Amino acid sequence: MLGDAGIVARLGGIYGPGRSALLTKFLSGTAMIDPENDRFINQVHRDDIAAALFLLLNRPSLPHEIYNVVDDQPILQSECYRWLAERMNRPVPPIGKAKGQPKRGASNKRVSNAKLHRLGWVPQYRTFAEAMEKNILPGVAEFIQ
């Protein structure tokens with residue numbers, strides 16, 4: 001319960017240079033596309049998290065609410081892997097049943113950042129693909145064929 005004071009910032013899956021669960025799985029060969037459990041993923045670049053928190057902390061008159069800190073485009077996990085395969089000139093991960101319980105459970109939802117946008121927050125990296133192209137893949141160039 002939020003109560004009478006405070007603001008809650010709910011963060012999506014955090015990624016940035018040296019940190020991306022999907023990219024790590026893809027590069028390690030452990031990624032799997034499970035058509036029966038393909039789910040939307042809500043992510044956010046670490047720099048955009050910092051900008052959102054800075055904005056929220058510097059607006060003392062904000063209503064005491066919950067703000068979702070995610071990029072502008074929820075994306076299916078399979079789309080992430082297909083995009084990475086195309087961009088990195090590697091095979092698409094195999095199709096099959098994912099082993100074990102997903103780390104984040106079986107959630108499959110699209111989370112909106114509209115409240116933050118209304119406050120003037122504009123993410124530097126609006127999508128997973130944009131962040132990968134501009135900020136993350138240049139640091140793993142040795143893996144791109």
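**Lys-115 and Glu-65**

I started with Lys-115 and found its side chain in a salt bridge with that of Glu-65, at 3.7 Å from N to O. This is a predicted model, so I'm reading it as such. Where do the two partners sit? Lys-115 is in helix H4, residues 114–118, while Glu-65 is in the loop between helix H2 (46–57) and strand S5 (66–69). They are 50 residues apart in sequence, so the pair ties together separate parts of the chain. I then checked accessibility. Lys-115 is partly exposed, with a relative accessible area of 31%, and Glu-65 also counts as partly exposed, at 30%.

**Asp-72 and Arg-126**

Next I looked at Asp-72, whose side chain meets that of Arg-126 in a salt bridge of 2.7 Å, N to O. I noted another link between distant parts of the chain here, with the partners 54 residues apart. Asp-72 belongs to the loop between S5 and strand S6 (75–76); Arg-126 belongs to the loop between H4 and helix H5 (128–136). Buried or exposed? Asp-72 comes out partly exposed at 28% relative accessibility, and Arg-126 is partly exposed too, with a relative accessible area of 35%.

**Arg-46 and Asp-47**

I also pulled up Arg-46, which forms a salt bridge with Asp-47 through their side chains, 2.7 Å from N to O. For Arg-46 I get a relative accessible area of 42%, which means partly exposed. For Asp-47 the value is 27%, again partly exposed.

How many salt bridges does the whole structure have? My search turned up six, and the pairs above are among them.

**The nonpolar cores**

Then I left the charges and went to the largest nonpolar core, which has 20 residues. Which of them touch the most other members? They are Leu-23, Tyr-81, Leu-84 and Met-132. I asked where the core residues come from, and helix H1 (21–28), helix H3 (77–88) and H5 each supply at least two. H3 gives the largest share, with five residues.

I took a closer look at Tyr-81. Leaving out residues up to four places away in sequence, Tyr-81 touches Leu-22, Lys-25, Phe-26, Ala-31, Met-32, Ile-33 and Pro-93.

Last entry: I found a second core, separate from that one, made up of 11 residues. Leu-55, Leu-62, Leu-116 and Leu-119 are included in this second core.

Methods
Residues are numbered from 1 along each chain as its sequence is written. This is a predicted model: local features need pLDDT of at least 70, side-chain atom pairs count only at pLDDT 80 or more; totals for chains, interfaces and linings use all residues. Side-chain values use heavy atoms; hydrogens and water are left out. A salt bridge is a side-chain nitrogen of Lys or Arg within 4 Å of a carboxyl oxygen of Asp or Glu. Buried means under 20% relative accessible area, exposed over 50%, partly exposed in between (1.4 Å probe, protein chains only). Helices (H or I, at least four residues) and strands (E, at least two) are DSSP runs, numbered from the N terminus. A nonpolar core is a set of buried Ala, Val, Leu, Ile, Met, Phe, Trp, Tyr and Cys residues joined through side-chain atoms within 4.5 Å. Contact means heavy atoms within 4.5 Å.
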